[in-house]
Amino acid sequence: MNQTVEQCRKALQQQWAGQRIHLGHGAGGKQMDELISGVIAPLFGMTGGPLEDAARLDVAGLGPGRLAMTTDGYVVTPLQFPGASIGHLAVNGTVNDLAVSGAQPLYLSCSLIMEEGLAIETLIDILADMAQAAQQAGVQIVTGDTKVVERGHADGLFITTAGVGWIAQGVDLGIHRIQPGDRLLLSGPLGEHGAAILIARGELALESDLHSDCQPLHGLVKAMLDAGEVHAIRDVTRGGLGSVANEFAQGSNLGIVLDEAAIPVPEEVHGFCDVLGLDVLYLANEGKLLAAVAADAADAILAAMRARPEGEQAAVIGEVVEDHAGRVVVRTTFGSHRILDKLVGEQLPRIC
Amino acid sequence: MDIVRDFRDGAQAQKIARAIGELVKQVPDSHRRPLQFMEVCGGHTHSIFRYGLNQLLPDEIEFVHGPGCPVCVLPMGVVDDCVSMAERDNVIFTTFGDAMRVPGSEKSLLQAKADGADVRMVYSPLDALKLAQQNPDKEVVFFGLGFETTMPSTALTVQKAAQMGINNFSLFCNHITIIPTIKAMLDSPDMQLDGFIGPGHVSMIIGTRPYRFIAEDYKRPLVVAGFEPLDIMQSVYMLVKQLVEGRAEIENQYNRIVPEAGNRHALMAINDVFELRPYFEWRGLGSIDHSGVQMREKYAQWDAEKKFDLPRRKIADPDAAQCGEVVKGVLKPHQCKLFGTACTPETPIGALMVSSEGACAAYYNYGSVQIPVSEVTRSRTI
């Protein structure tokens, strides 16, 4: 844990103890200044001078290549949950969207929509989580915005981050490159984030040791690219593995076969899904990726993944085939086959 | 014992499948082929498709997917009643998750929620009671549905509301009971089943005795089964063995959970709160005598049917939908004219497409050997 951010978090929490966000913090006047220069700027390390309307970024020295840009909005209940918070999600989610496009993540923006009444200590906690996640991922938060809405008009805090990264010349990842025969590599066990969030809401009267898997993946992606021919990568987030596998199948107009027995699922997640009648293949993750790689490079790439903590439990879980174009078929642990379709609506717990 | 490992062992399943394949050859020729076994319970339907068990069995055996998905057999008029309550200003309407998507004649509860109704998903009726305590100025309605499996927890909640004097709580009771429904199906002339896979969780409450008439009067075997894939495979083996030996008996494969006499405390709670209705309307099956329960007069104060003025309209299923034939096993889901075209999980017309326990949704989501992949693809892209 970074000492500076941690010290800053503690000092600010003492200073702002017991205070809450009110409409004045978004009104553009003195109170907003106090919040931005007194809380946000120090946590994000924006102390180099007066704040301007736009960040100006040097791109010289990045070499030949292309710019990658992405944006994502983060809404989650509760704001803090075992293993991570909305702050970690807001940084790592955007970092991972850049990473899986083959980009080195560089800069992020941070836009906050706060609900009147939000405890400023909670806000400080979440911004400190963002600062730490950004440091861990090696990106800088360089610009942002704050808005406050009346009580009842937002669920505590919504965060939007945009990110830019640099794709070095020669790196070309995309669904268009998926070939028949490609192997599908999953970077680790499924379902921890989705299960941890549902349990953290406290409606299920379930207890568990499950933690969100939220983590940046750009280091893992780089190791994979260095190890061999990678064709496409997606981070496995909302909608789970089932959704990403379907995006691969439909986008490439090829078939996908997943080997259920090879898909790593923690025992606790299995039990959680059984109790509620949920399918782990649709549960959300925040630190996992699925890659399609050239068959002859699969072993080397798998070894490179397993050598890193984010990919310790990586596995080959399937392959790309010419049959059943556009569809995902799961070979069950029983040797039978079933179609895995895209999820319709939200997964709802079964009645009994 | 490790349920995940021991009851989901693929190699064991293959072994049982081979044993079934050998045994089925000895079934007397007087039985029509393929042998048809109905799994009454939606939980079994889900497991069969989730694990592709139908593909492991020899061609001489097929599953017929029964009416045991409580969400799937809800008539549209009941959903309309729910919506009419949910849309009142002072009501918090609570329900189990997958009931939210069942289509009414105008909208589902999920759509009513989007339109502004206060509809909340709960995991237990006791959560609804808690909401009633927390919101004394609101009327909290719990939509009670399901077979004997969910009945005891609803009954206990009503008892608790009465004990604690929580008067802003009421139950919209649509619980149903399985025995009259099995009997109605056995009496149906187009039904030719060779045996039943009996519901596991229902039997945990009611025990195995109430099924005796199936063996004694209708000469059909029934095996009460657990929900793990090996449970179901073993139950099929037990059914085939009965046919080979010319027996028709009620057997209990799920004896690690199901006692012969059921659960006395649960039955007492059910009996205290509920009584049989003269008849209950099932989607696809029509009206079946004594197949539903209502609240007894002494609990009238907590009965939503008495508290609210409900439309109680009977809405016929759309003409083209063949839900009834599918529920009775006369048609396979994909043989229905609407399957995969007008009726999909996104836009369900029949309720069998709504819950993942519904036979149609299971066929759609999990595919099946009996429908080649190409056929599924074609039927969905028309």
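Here are some notes on the two chains, A and B, and how their parts touch.

1. First, some housekeeping. This is a predicted model, so local features need pLDDT of at least 70 and side-chain atom pairs count only at pLDDT 80 or more, while totals for chains, interfaces and linings use all residues. Residues are numbered from 1 along each chain as its sequence is written, and chains are lettered from A in the order in which they are written.

2. Chain B has 17 helices and 13 strands (DSSP runs numbered from the N terminus: H or I of at least four residues for helices, E of at least two for strands). Its C-alpha atoms fill a box of roughly 65 × 50 × 40 Å along the principal axes. The radius of gyration of chain B is 21 Å, which agrees with the value near 21 Å for a compact globule of 382 residues (taken over C-alpha atoms; the rule is 2.2 Å times the number of residues to the power 0.38).

3. How much of chain B is buried? Buried residues make up 53% of its 382 residues (buried means 20 or more other C-beta atoms within 10 Å of a residue's own, exposed means 12 or fewer, partly exposed is in between, and C-beta atoms are placed from the backbone).

4. Helix H13 of chain B (residues 264-273) shows this nicely: Ala269(B), Ile270(B) and Val273(B) are buried. Seen down the axis of H13(B), the buried residues fall within an arc of 100°, so they line one face of the helix (the arc is that of the directions from the helix axis to the C-beta atoms). Over on the other side of H13(B), Arg264(B), Met268(B) and Asn271(B) are exposed. The cover over the buried residues includes helix H8 (151-164) of chain B.

5. Now look at where the chains meet. The contact takes 36 residues from chain B and 22 from chain A (in contact means C-beta atoms, placed from the backbone, within 7 Å). On the chain B side, the elements giving two or more residues include helix H2 (10-24) and helix H17 (373-381).

6. Chain A is assigned domain 1 (3-168) and domain 2 (175-340), with bounds from an automatic or database domain assignment. The C-alpha centres of these two domains of chain A lie 29 Å apart. Where they touch, 21 residues of domain 1 of chain A are in contact with 20 of domain 2 of chain A. On the domain 1 side, H3(A) gives the largest share, eight residues.
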